[in-house]
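Colleague: Mind walking me through this one? I'd like to start with how the parts meet and then get to the sheet.

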Amino acid sequence: MKNTNKHAMEFVDLVVNSQHAVALTGAGISTESGIPDYRSPGTGLWANVDMSVVSLEGFLRDPSKYYSYAIELYPIRSAAKPNPAHYLLGLLERRGFLSGVVTQNVDGLHQDAGSENVYELHGSLRQAVCLDCNLLFPMEKVMQRAISGENPPLCEQCKGVLKPNAIFFGEALPQIPWKESVKLCEQADLLIVIGSSLQVSPANLLPDIALRNGASLVICNIQPTPFDADAKLIVDEKVGEFASVATKMFDKEIEDKDS
Ligand code: ZN
């Protein structure tokens with residue numbers, strides 16, 4: 001049997017036999033949607049960019065520099081669509097087999113794929129927040145203003161600077177999604193990691209929390225992670241292709257159960 005089929009069968013078996021499965025996702029789930037993994041050396045987003053643009057300090061010094069950079073990336077970001085791995089997680093939640101998705105990503109693709117219970121550890125690029133009055137605005141509209149020459153775009157209410165509601169370097173993580181994620185992992189009996197190398201804090205603390213509470217661990221990541229030895233199943237394949245196969249098997253399994 002092909003490795004993918006074997007892996008997908010084991011994956012579906014673990015999912016349908018769990019009571020409280022939770023997914024933890026990182027940049028690797030979105031690379032097949034065309035969003036580059038900015039931490040990959042050389043190929044990453046930052047290969048040709050001055051990183052201070054996305055540091056809090058750099059942003060506060062000159063927000064227009066950030067928006068110029070964001071305008072350049074905008075076609076990639078706005079064209080990105082969920083891939084089968086995002087859709088699989090949406091499906092599992094809808095069918096009652098997944099309690100929620102904890103993500104390190106800021107791209108909003110989980111929500112596009114139908115996931116509702118999403119905890120964004122690093123915030124979201126889908127919203128902009130006014131640094132003076134904290135009002136939130138849809139990022140798409142803010143970007144349209146920037147593209148048409150209003151750089152930096154300012155708050156419609158108070159003329160404060162609008163910052164993407166994603167965490168920049170040098171910024172603290174939002175507390176609420178982190179606390180909710182810890183709670184979710186404490187209750188989990190299955191933690192499904194997809195596209196995270198589990199090296200960035202604090203996301204890399206979550207597998208330990210789940211393992212300590214007796215959860216099984218599944219890791220779908222093309223590169224090895226520090227938790228591979230603890231995993232019940234390792235899927236070192238392209239996650240989108242793997243998810244397509246797993247989705248078909250899941251559908252069949254559910255049909256068989258329903259009939
Ligand atoms: Zn404001």
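Colleague: How many residues of domain 1 are in contact with residues of domain 2?

Modeller: Keep in mind that this is a predicted model. The domain assignment gives 1-34 + 82-122 + 173-259 as domain 1 and 36-79 + 127-166 as domain 2. Domain 2 puts seven residues into the contact, and the count on the domain 1 side is seven.

Colleague: And what area do domain 1 and domain 2 bury between them?

Modeller: Interface size is often quoted as the accessible area lost when the parts come together. Carbon and sulfur atoms hold 60% of the buried area here. The total for domain 1 and domain 2 is about 530 Å².

Colleague: How many salt bridges does the rule find across that interface?

Modeller: Let's take polar contacts along with it. Between domain 1 and domain 2, the count of residue pairs in polar contact, both at pLDDT 80 or more, is zero. For salt bridges across the interface, the rule also finds zero.

Colleague: On to the sheet: which strands stand at the edges?

Modeller: The sheet is open, with six parallel-paired strands in the order β3-β2-β1-β7-β8-β9. An edge strand has a single partner, so one side of it is left without a neighbour in the sheet. That fits β3 (118-120) and β9 (233-235).

Colleague: Which residue in β8 is the bridge partner of Leu191?

Modeller: Strand β7 covers residues 190-194 and runs parallel to β8, residues 216-220. Five bridges join β7 to β8. In β8, the partner of Leu191 is Leu217.

Terms used. Residues are numbered from 1 along each chain as its sequence is written. This is a predicted model: local features need pLDDT of at least 70, side-chain atom pairs count only at pLDDT 80 or more; totals for chains, interfaces and linings use all residues. Side-chain values use heavy atoms; hydrogens and water are left out. Two strands pair if DSSP finds at least two bridges between them. Helices (H or I, at least four residues) and strands (E, at least two) are DSSP runs, numbered from the N terminus. Domain bounds come from an automatic or database domain assignment. Contact means heavy atoms within 4.5 Å. Buried area is the accessible area (1.4 Å probe) that two parts lose on being put together, summed over both. A salt bridge is a side-chain nitrogen of Lys or Arg within 4 Å of a carboxyl oxygen of Asp or Glu. A polar contact is a pair of N or O atoms within 3.5 Å; within protein, one must be able to donate a hydrogen and the other to accept it, and residues adjacent in sequence count only if both atoms are side-chain atoms.
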